[in-house]
Amino acid sequence: MEAVSTAELLEKIEKMVELLERALVKRDFYPPRLTKYEIARVVGARAIQLAMGAQPLVDPQEVGSMDPVIIAMEEFRRGLLDFIVVREYPDGKSVRIRLKELLELEKSL
């Protein structure tokens, strides 16, 4: 397990509080979690990258499959993907949220 200093921990907590405030109080982006459609879009986009020759972030032998969708799902499950989720709202406003931040926010709720 990686040791985390108190300053780093406080910084992470402040960042999480800011994200929660944006999601729940200001409703900058809502819901404060990934929807099933966003998950499907992220896994599908990553599976296409893998099918086109991108290097997997997990060992396919460890996963037990060479199927790009299975590998993409495992990468998503482990939180290894660095995607940005763009949410467009009916009022024309759009919000860009890092996938990792959204996953952390979802875990904290």
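In this predicted model, helix H5 gives the largest share of the lining of the largest pocket, with 5 residues. The chain has 5 helices and 2 strands, and from the N terminus on these elements follow the order α-α-α-α-β-β-α. The points below go through the whole chain, the two largest pockets, helix H4, the strand hairpin and one residue of helix H1.

**The chain as a whole**

- Taken along the principal axes, the C-alpha atoms fill a box of roughly 45 × 45 × 20 Å.
- The chain has 109 residues, and 31% of them are buried.
- Of the contacts between residues at least 6 apart in sequence, 49% join residues at least 24 apart.

**The largest pocket**

- The volume of the largest pocket is about 250 Å³.
- Its lining includes Met16, along with Phe76, Arg77, Arg78 and Gly79.
- Lys100, Leu103, Glu104, Lys107 and Ser108 also line the largest pocket.
- Two helices, H4 (68-78) and H5 (99-108), each supply at least two residues of this lining.
- Sorted by class, the lining of the largest pocket holds 5 charged, 3 nonpolar and 2 polar residues.

**The second largest pocket**

- The second largest pocket has a volume of about 200 Å³.
- Helix H1 (6-25) and H5 are the elements that give two or more residues to its lining.
- H1 gives the most to this lining, with 5 residues.
- The residues that line the second largest pocket are Leu9, Lys12, Ile13, Lys15, Met16, Arg98, Lys100, Glu101 and Glu104.
- By class, 6 residues of this lining are charged and 3 are nonpolar, with no polar ones.
- Met16, Lys100 and Glu104 are among the residues that line the largest pocket, and they are also among those that line the second largest pocket.

**Helix H4**

- At the start of H4, a side-chain oxygen of Asp67 comes to within 3.0 Å of the backbone nitrogen of Val69.
- The buried residues in H4 are Ile71, Ala72, Glu74, Glu75 and Phe76.
- An α-helix has 3.6 residues a turn, so residues three or four places apart point the same way.
- The buried residues of H4 pack against helix H2 (36-51), helix H3 (60-63) and H5.
- Phe76 is buried in H4, and Phe76 also belongs to the lining of the largest pocket.
- After H4 comes Gly79, which has a positive phi, near 75°.

**The hairpin of S1 and S2**

- Strands S1 and S2 run antiparallel and are joined by 5 bridges.
- The two strands form a hairpin with 5 residues between them.
- In the turn of the hairpin, Gly92 has a positive phi of about 90°.
- Side chains alternate along S1 (residues 84-88): Val85 and Arg87 point to one face and are buried, while Ile84, Val86 and Glu88 point to the other and are not.
- Side chains also alternate along S2 (residues 94-98), where Val95 and Ile97 point to one face and are buried.
- Ser94, Arg96 and Arg98 point to the other face of S2 and are not buried.
- Glu88 stands opposite Ser94 in S2, and the bridge partner of Arg87 in S2 is Val95.

**Arg87 in strand S1**

- Arg87 lies in S1 and has a relative accessible area of 5%, so it counts as buried, the cut-off being under 20%.
- A polar atom of the Arg87 side chain lies 2.6 Å from the backbone oxygen of Pro31.
- Leaving out residues up to four places away in sequence, Arg87 touches Phe29, Tyr30, Pro31, Arg33, Leu34 and Glu38, among others.
- The list of residues that Arg87 touches also includes Lys93, Ser94, Val95, Ile97 and Leu102.

**Leu20 in helix H1**

- Leu20 lies in helix H1.
- The relative accessible area of Leu20 is 22%, so Leu20 is partly exposed rather than buried, which would need a value under 20%.
- Which residues is Leu20 in contact with, leaving aside its neighbours within four places in sequence? They are Val25, Leu105, Ser108 and Leu109.
- Leu20 and Leu105 are 85 residues apart in sequence, and their C-alpha atoms are 7.0 Å apart in space.
- Ser108, in contact with Leu20, is also one of the residues that line the largest pocket.

Technical notes. Residues are numbered from 1 along each chain as its sequence is written. This is a predicted model: local features need pLDDT of at least 70, side-chain atom pairs count only at pLDDT 80 or more; totals for chains, interfaces and linings use all residues. Side-chain values use heavy atoms; hydrogens and water are left out. On a 1 Å grid over the protein atoms alone, a cavity is a set of points where a 1.4 Å probe fits but cannot get out, and a pocket is an open set with protein on both sides within 12 Å along at least five of seven lines; lining residues have an atom within 4 Å of a point. Grid points are joined across faces, edges and corners, and a volume is the space filled by probe spheres set on the points. Helices (H or I, at least four residues) and strands (E, at least two) are DSSP runs, numbered from the N terminus. Ala, Val, Leu, Ile, Met, Phe, Trp, Tyr, Cys and Pro count as nonpolar, Asp, Glu, Lys and Arg as charged, and the others, Gly among them, as polar. Buried means under 20% relative accessible area, exposed over 50%, partly exposed in between (1.4 Å probe, protein chains only). Contact means heavy atoms within 4.5 Å. A polar contact is a pair of N or O atoms within 3.5 Å; within protein, one must be able to donate a hydrogen and the other to accept it, and residues adjacent in sequence count only if both atoms are side-chain atoms. Two strands pair if DSSP finds at least two bridges between them.
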